[in-house]
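Here is a friendly note to read alongside the model. Take the points one at a time, and keep the 3D view open as you go.

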Amino acid sequence: MQRAALIMFVAMSLIPAGDSAGKLLSSSLGVAPVFVAWSRFVLGALMVLPFIAPSAFGLLRDWRVWLRALVLACGISSIQTALQTADIATVFAAFFIGPIFSYVLAVLFLREPVTPLRSILIVVGFAGVLLVVRPGMGGDPGVIWAAIAGLCYGTFLTMSRWLSGIGTPIALTFTQLLLSAFFLLPLGLMNLPDATLPIAALTLTSAFCSMMGNLLLLYAYRIANATRLAPLVYFQLIAAVGFGWSIFGDLPDAYTWAGLAVILASGIASTRLR
C-alpha cells in the first residue's frame, strides 16, 4: 500500500499541473475549454502510441472501454469549463465529490470490502474539502461545472478499477485517450485557436502532465483496491492549492491550510489500515 500511495501522490500532483496549464490557456489566452480537453486527449494518445503493443487495439471491442472514455471526456470538458472562470483551489475542492462517489460505487458495484473506520476517514477527508470551499458554492457556474466533473471522475475512478485486469495500464491509458479524442473531435475542430508559441507550449504541457498522471493512476489501481485509494485522490487538492498560489497568486488562508491538513491526515491514515 505504501508503494501505491507514492504512485498516487505523483499522479495526483501531475493532474493539477496539467489543469493549471489548461487554466492559463482558457482564462489568459482565450482558448476554448473544449479545445483544451480535446487537444489533451489527442496529444496524449500520440505520446503513448509508440509504447503500446498491437494487442491494445483489441480493447476497443469492449463496450466498457468506450463508456469509460465517454465519462472521461465529459469530466475533463467540465473541469476545463470550470477553470475558465473559477480559481483552481475552489474548482478542485468542489471536484472532490468524486472520491466519495467512487467509494460508494466501488462498494455497491464492485463489492469491494468496506469498514466503518475507512468510511469515517473518507468523510473526514471530505470535511477537509468543506473547510477549503466554505460557503458561497451555490449558483456559481464554475463550481457547478466542477461538481459535474467530480461525479464523472468518481465514475471514471471506479471503472478504472473495474477494467484494470483487461489490459496493461499503458494500453488502457491509450484507449481512453484515443476514444475521448474521438468523442470530442467535432467540438475540438470547431474551436481551433491561433497557432502561437505560448499556446503550443501550454497545450503540450497540459497534455503531457494529464497523460502521465492518469497512467500512474492506473498503475496504482492495479495494486490496491479503489476503496483504499479513494482518500488519496485528495492529494490533488493540495497540489491544486500549491499551483494556484505559485501561478495565479491565490494565497491560501488559515481555513484552507486547516482543510489541507485534515485531507492529508485522513489520506495517510487510510494507507495504514489493513
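1. Start with helices α2 (residues 33-48) and α9 (197-223), whose axes come within 8 Å and cross at roughly 65°. Axes here are lines fitted to C-alpha atoms over the stretch in contact, with angles from 0 to 180 degrees between N-to-C directions. Helices are DSSP runs of H or I with at least four residues, numbered from the N terminus. The crossing is right-handed, that is, the near helix is turned clockwise from the far one by less than a right angle.

2. A word on the source: this is a predicted model, where local features need pLDDT of at least 70 and side-chain atom pairs count only at pLDDT 80 or more, while totals for chains, interfaces and linings use all residues. Residues are numbered from 1 along each chain as its sequence is written, and side-chain values use heavy atoms, leaving out hydrogens and water.

3. Which residues of α2 meet α9? Among them are F35, V36, L43 and M47, and the α9 side includes L204, A207, F208 and M211. Contact means heavy atoms within 4.5 Å. This contact divides into nine nonpolar, five polar and one charged residue (Ala, Val, Leu, Ile, Met, Phe, Trp, Tyr, Cys and Pro count as nonpolar; Asp, Glu, Lys and Arg as charged; the others, Gly among them, as polar).

4. R40 of α2 is also worth finding, as R40 forms a salt bridge with D19, with the closest N and O atoms 3.0 Å apart. D19 lies in α1, so the pair ties together parts that are 21 residues apart in sequence. The structure holds two salt bridges (a side-chain nitrogen of Lys or Arg within 4 Å of a carboxyl oxygen of Asp or Glu).

5. Next, look at α3 (residues 63-85) and α4 (residues 88-95), whose axes come within 9 Å and cross at roughly 145°. This crossing is right-handed too. I79, A82 and L83 of α3 touch I88, V91, F92 and F95 of α4, and these residues are seven nonpolar, no polar and no charged.

6. Where is there empty space? The largest cavity (grid points, 1 Å apart, where a 1.4 Å probe fits but cannot get out) holds about 120 Å³, the volume being the space filled by probe spheres set on the points. Of its 16 lining residues (an atom within 4 Å of a point), L72, I76, I79, F95 and Y153 are the closest to its centre. Helix α3 gives the most to this lining, with five residues.

Notes: Helix = DSSP H or I, 4+ residues; strand = E, 2+ residues; numbered from the N terminus. 1 Å grid on protein atoms, 1.4 Å probe; cavity = no way out; pocket = protein on both sides within 12 Å on 5 of 7 lines; lining within 4 Å.
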